[in-house]
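The following exercises concern a single protein model. Please examine the sequence and the structure before attempting each task, and then compare your reasoning with the worked solution.

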Amino acid sequence: MGIELKSIKSPADIKGHSLEELSALAGDIRVALLEKLSRKGGHVGPNLGFVEATIALHYVFNSPADKIIFDVSHQCYTHKILTGRVAAFIDPEHYNDASGYTNPDESTHDFFKVGHTSTSISLASGLAHARDLQDGHENIIAVIGDGSLSGGEAFEGLDNAGELGSNFIVVVNDNDMSIAENHGGIYDNLRSLRESGGTYPDNYFRTLGFDYLYVGAGNDIGALIKAFESVKDIDHPIVVHINTEKGHGYSAAVANKEKWHWESPFDVATATVFADEVKAPSYADITARLLLDEMVADPRIVAVNAATPGLMGFTPERRMQAGRRFIDVGIAEEQAAGMSSGLAKGGMRPFWGVCSTFVQRAYDQISQDIAINNTPVVIGVINAGFRGLTDVTHLCWFDIPLLSNIPDIVMLAPASAAEYVAMAKWALQQTDYPVVIRIPAIVSDIDIPVSDDYNDLNTFRQISSGSKVAILAVGLMLTPAMKAAEILRSQGMEPTVINPRFVSGIDAEMLSALEADHQAVVTVEDGILDGGFGQKIAAFYSDRPMLVKCLGLHKKFLDRYNPDTLAAECKLTPEGIVDTVNTMWR
């Protein structure tokens with residue numbers, strides 16, 4: 001009797017079945033994944049490539065007593081199907097019941113909320129140490145992709161866990177691919193291990209103290225079960241190196257692994273992505289075009305990225321066009337920051353593009369290696385604000401407090417595409433400061449005055465002059481602020497609207513001048529309020545009679561929120577700003 005997908009309540013439901021039945025289950029899971037992903041979007045390639053390995057893991061080990069920790073966890077969909085969450089993958093009414101990453105709130109089979117990379121070995125090593133200190137005997141399994149091995153934490157985890165002297169199993173899911181192609185010296189070693197069937201003598205993992213087992217048929221359930229059974233209850237650390245195929249079972253995802261790492265809703269039969277039919281302007285495309293043009297004009301310009309070239313608009317074709325002046329450091333933001341400082345010190349003009357949610361991974365290097373050394377690195381903080389990524393592990397609204405308060409960093413917040421281009425060109429040419437440019441998730445084409453020169457630091461710009469109340473709106477928030485001003489004018493009020501441009505400092509002269517005919521100031525930002533731009537303004541007026549109201553996001557984690565709902569709750573809409581102003585005058 002086969003395994004009916006909808007009947008799976010726990011991993012126990014797949015145990016004892018034949019290899020033929022397990023293989024049929026893998027096919028059914030792959031069909032379900034493609035159906036859901038085609039409707040909702042998500043991580044296509046990573047999940048399709050890890051179906052058989054997940055089935056084998058749960059067939060052999062006894063989760064949750066045995067603990068399986070996923071790195072990034074963008075390959076955990078099959079794991080969720082096998083651990084009681086199948087409805088979220090076969091019933092459209094329940095598609096939103098499960099997040100795209102492991103989540104202990106959903107199941108006891110998940111141990112951490114994980115969405116950033118290179119973490120599983122470190123997290124699992126902590127569980128292993130805890131087990132050993134309490135005389136436990138369960139298996140601890142860390143799952144990590146080859147791309148994630150380029151991250152420093154993965155090395156630190158391996159280096160520490162290699163001397164555990166107790167049960168610790170690392171499953172290296174090697175598909176010879178990160179989001180895009182892999183970068184780093186370790187990948188020559190992995191290639192040699194694959195080509196030799198695991199017999200290559202210079203073995204990276206053995207060097208760090210691990211036993212080693214290679215499985216070349218990483219999408220063969222039988223081979224995987226045999227391998228996992230041989231290491232179950234092992235009494236020392238071992239790496240099980242499996243060679244899988246990213247996108248396995250879907251020809252489009254196999255043929256173009258970078259494109260199908262994550263994808264929007266699509267037609268399964270034709271592999272047509274619906275979002276491709278309407279190409280909205282994007283800051284990724286603007287950034288790539290800008291940098292490629294600047295590279296032609298200035299041989300010092302270099303683009304730096306940490307394994308997410310698509311966020312900067314650098315397609316394979318554009319990477320080829322840039323040649324040696326596009327540098328992908330692998331999943332290693334610390335390296336990107338430190339190397340960018342070295343590039344700048346060496347006379348180059350680096351533009352490091354990093355998603356807002358990943359910028360904190362290199363906070364120390366930004367502060368120490370860049371800011372203290374005053375190297376003129378340009379950091380483009382991508383997807384900044386709440387209009388981009390919405391998973392709890394990928395929130396993009398903490399960058400203003402994180403970066404604007406580091407001494408000697410100039411942080412700019414463009415309100416339009418034209419202003420972004422002007423800021424980026426200026427930042428790349430000047431050599432006096434490290435410059436952070438906060439790049440929003442969506443493009444605004446509002447018509448505002450744009451300067452080509454930002455050398456006069458911390459000078460705000462008035463968009464419209466009025467009295468009584470001034471609205472200072474950061475970056476993308478200038479659009480709703482200007483619409484709010486129109487509404488207020490229709491109500492008989494004439495507000496002043498200001499584009500701060502700089503969020504790392506204040507324009508004391510302009511703020512003081514407002515006191516002559518303004519009684520209130522409203523600040524609007526799409527980042528958290530604590531330590532943000534608004535609090536700088538409130539601190540300036542703290543011993544003055546000016547009434548200040550700060551609008552922004554609260555300091556808390558949210559998961560899969562609706563951006564429009566959040567904007568309304570935080571009054572970051574034209575109506576919310578109008579209501580705030582009117583309330584201040586009641």
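**Exercise 1**

Leaving aside its neighbours within four places in sequence, with which residues is Asn 103 in contact?

*Solution.* The model is a predicted one.

Step 1. Locate the residue: Asn 103 belongs to the loop between α5 (87-90) and α6 (120-133).

Step 2. Set aside the neighbours within four places in sequence; the contacts of Asn 103 are then Arg 85, Asp 110, Phe 112, Lys 113 and Asp 559.

Step 3. Consider accessibility. Asn 103 has a relative accessibility of 6%, and it therefore counts as buried, the cut-off being under 20%.

Step 4. Examine the polar atoms: one in the side chain of Asn 103 lies 2.9 Å from the backbone nitrogen of Asp 105.

**Exercise 2**

Determine which residues line the largest cavity, and how they divide by character.

*Solution.*

Step 1. Begin with the cavities of 30 Å³ or more, of which the structure holds 5.

Step 2. Turn to the largest cavity, which contains about 60 Å³ of space.

Step 3. List its lining: Ser 99, Tyr 101, Thr 102, Asn 103, Lys 113, Asp 391, Val 392, Thr 393 and Asp 559.

Step 4. Sort these residues: 2 are nonpolar, 4 are polar and 3 are charged.

**Exercise 3**

Explain why Cys 76 forms no bond with the closest cysteine sulfur.

*Solution.*

Step 1. Recall the cut-off: a disulfide requires two cysteine sulfur atoms within 2.5 Å.

Step 2. Apply it to Cys 76. The closest cysteine sulfur is that of Cys 355, and because it is 19 Å away, the distance is too great for a bond.

Step 3. Apply it to Cys 355, which is in no disulfide; its nearest cysteine sulfur, in Cys 396, is 4.0 Å away.

Step 4. State the total for the structure: 0 disulfides.

Step 5. Add the surroundings. Cys 76 is buried at 0% relative accessibility, and Cys 355 is buried with a relative accessible area of 1%.

**Exercise 4**

Decide whether Thr 270 is buried or exposed, and describe where it is placed.

*Solution.*

Step 1. Find the position: Thr 270 is in the loop between β8 (266-267) and β9 (272-273).

Step 2. Compare its relative accessible area of 52% with the cut-off of over 50% for an exposed residue; Thr 270 is therefore exposed.

Step 3. Inspect the side chain, which makes a polar contact of 2.8 Å with the side chain of Thr 272.

Step 4. Relate sequence to space: Thr 270 and Tyr 204 are 66 residues apart in sequence, and their C-alpha atoms are 41 Å apart.

Note on methods:
Residues numbered from 1 in each chain as written. Predicted model: local features only at pLDDT ≥ 70, side-chain atom pairs only at ≥ 80, totals over all residues. Heavy atoms only, no water. Buried < 20%, exposed > 50% of the residue type's maximum accessible area, 1.4 Å probe, protein only. Helix = DSSP H or I, 4+ residues; strand = E, 2+ residues; numbered from the N terminus. Polar contact = N/O pair within 3.5 Å; in protein donor to acceptor, adjacent residues only side chain to side chain. 1 Å grid on protein atoms, 1.4 Å probe; cavity = no way out; pocket = protein on both sides within 12 Å on 5 of 7 lines; lining within 4 Å. Points joined across faces, edges and corners; volume = space filled by probe spheres on them. Nonpolar A, V, L, I, M, F, W, Y, C, P; charged D, E, K, R; others polar. Contact = heavy atoms within 4.5 Å.
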